[in-house]
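Reader: I am new to this structure and would be grateful for a close look at a single part of it. Please choose one residue, describe its surroundings, and then place it in the wider model.

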Amino acid sequence: MLFYGHHGVTDEEQRLGQRFLVDVELETDTRAAGQRDDITQAVNYAAVYLSTKEVVEGESRRLIEAVAEGIASRILEEQPVRGARVRVTKPSPPIPGAVLSGAAVEIYRRGEVVGKPQKETLDGEKTTAV
């Protein structure tokens, strides 16, 4: 997914904004939806897109880590998923003299499918520059 947001450490990034690429992978049991061909048993991908869009295009944050956390939290609260892997890439980070295709953070958070989601865990987090 590609969005335009106003996230970054510098005042210019927050004022001018820039593009952000977001990849979301969801962990869920698709058996009931597949066996019954029942959309009410499935993840609502349109809602996942809209939630992601609202986070990225919404409130300005200094770190892409905070953007990823916001996306994962929304998805775990709103969708019947066990886990969410979220990768946020800033294609044009303002790093003087750097030649790279972007800076990215990828997180994995787990939640509880039935009932209220559990607090997020810190397993599987990594930050990379690509």
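Author: The account below begins with one lysine and then turns to a pair of helices and to the confidence of the model. The model is a predicted one, and its chain has an average pLDDT of 87, with 85% of the residues scoring at least 70.

The residue chosen is Lys90, which belongs to strand S3, spanning residues 83-90. Lys90 counts as buried because its relative accessibility is 9%, under the 20% cut-off. The side chain of Lys90 forms a polar contact with the side chain of Glu13, at 2.7 Å. Glu13 is also among the residues that Lys90 touches when those up to four places away in sequence are left aside. The others are His7, Gly8, Gln18, Arg19, Phe20, Ile64, Gly102 and Ala103.

One of these residues, Ile64, leads to the helices, for helix H4 covers residues 64-78. Helix H4 packs with helix H3, residues 45-57, at an angle of about 145 degrees, and their axes are 9 Å apart. The crossing of the two helices is right-handed. From H3, Val48, Ser51, Thr52, Glu54, Val55 and Val56 take part in the contact; from H4, Val67, Gly70, Ile71, Arg74, Ile75 and Glu78 meet them. Classed by type, the residues of this contact are six nonpolar, three polar and three charged.

Two stretches call for caution. Residues 114-123 have a pLDDT under 50 throughout, and the model gives them 18 contacts beyond four places in sequence. Residues 125-130 are likewise below 50, with 19 contacts beyond near neighbours in sequence. Where pLDDT is low, predicted coordinates should not be read in detail.

Technical notes. Residues numbered from 1 in each chain as written. Predicted model: local features only at pLDDT ≥ 70, side-chain atom pairs only at ≥ 80, totals over all residues. Heavy atoms only, no water. Axes fitted to C-alpha atoms, helices over the stretch in contact; angles between N-to-C directions. Helix = DSSP H or I, 4+ residues; strand = E, 2+ residues; numbered from the N terminus. Left-handed = near helix turned anticlockwise from the far one by under 90°. Contact = heavy atoms within 4.5 Å. Nonpolar A, V, L, I, M, F, W, Y, C, P; charged D, E, K, R; others polar. pLDDT = per-residue confidence, 0-100. Buried < 20%, exposed > 50% of the residue type's maximum accessible area, 1.4 Å probe, protein only. Polar contact = N/O pair within 3.5 Å; in protein donor to acceptor, adjacent residues only side chain to side chain.
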